[in-house]
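Colleague: I'm new to reading structures, and I'd like a close look at one thing: the salt bridges. Could you walk me through them, one pair at a time?

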Amino acid sequence: VSQSRYMKSKAEFADAVMGSSDAIDMRKAATTLNMGIGRNKLFELLREKGVLDRHNIPYQTYIDRGYFRTIESTYNKPDGSSCINIKTVIFQKGLDFIRKLLNEA
């Protein structure tokens, strides 16, 4: 892989991650919803409703509807091994969906 191609793919990945200004993480979603529920309870509710799997990753149907997106990042453990972290972020459309779910509960 050429250096320029590597840098281009790295830049595209960074743009994709940074380009999520229209998406927020679950902590911010709980705060934005302001319905007396925190991040962990929000994750729990979405798992119970069948929106998220046991790893807090949204099922594909909810991603396809434009409610959520996942962002992959890698990090290095102290022993030098690499791990992948998947973070779920929520779009405005997803916030509206979650608000409706909370109102039903």
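Modeller: Here is a tour of the salt bridges, with a little background on the chain to start.

Keep in mind that this is a predicted model. The chain has five helices and three strands, and if you follow it from the N terminus, the elements come in the order α-β-α-α-α-β-β-α. Of its 105 residues, 30% are buried.

Now to your topic. How many salt bridges are there? The count comes to three, where a pair qualifies if a side-chain nitrogen of Lys or Arg sits within 4 Å of a carboxyl oxygen of Asp or Glu.

Let's take Asp 25 and Lys 87. Their closest N and O atoms are 3.8 Å apart, so the pair passes the 4 Å cut-off. What does this pair link? It joins distant parts of the chain: Asp 25 belongs to strand 1 (residues 23-25) and Lys 87 to strand 3 (residues 82-91), with their positions 62 residues apart in the numbering. How open is Lys 87? Its relative accessibility is 40%, so Lys 87 counts as partly exposed. While we're on distant partners, here's a figure for the whole chain: take the contacts between residues at least 6 apart in sequence, and 45% of them join residues at least 24 apart.

Next up are Glu 44 and Lys 41, whose side chains meet in a salt bridge at 3.8 Å, N to O. Both residues lie in helix 3 (residues 39-48), and they are three residues apart, about one turn of the helix. Look at how open each partner is. Glu 44 has a relative accessible area of 31%, which means it is partly exposed. Lys 41 comes in at 51%, so Lys 41 counts as exposed; the cut-off for that word is over 50%.

That leaves Asp 96 and Arg 99. Here the closest N and O atoms of the salt bridge are 3.3 Å apart. Where does the pair sit? Both residues are in helix 5 (residues 92-104), and because they are three residues apart, about one helical turn separates them. As for openness, Asp 96 has 32% relative accessibility and so counts as partly exposed, while Arg 99, at 30%, is partly exposed too.

To put it together, one bridge ties strand 1 to strand 3, one lies in helix 3, and one lies in helix 5. If you'd like a figure for the outside of the chain as well, its accessible surface is about 7,300 Å², with 49% belonging to carbon and sulfur atoms.

Terms used: Residues are numbered from 1 along each chain as its sequence is written. This is a predicted model: local features need pLDDT of at least 70, side-chain atom pairs count only at pLDDT 80 or more; totals for chains, interfaces and linings use all residues. Side-chain values use heavy atoms; hydrogens and water are left out. Helices (H or I, at least four residues) and strands (E, at least two) are DSSP runs, numbered from the N terminus. Buried means under 20% relative accessible area, exposed over 50%, partly exposed in between (1.4 Å probe, protein chains only). Contact means heavy atoms within 4.5 Å. Accessible areas come from the Shrake-Rupley method with a 1.4 Å probe; for residues, only the protein chains shown count as cover.
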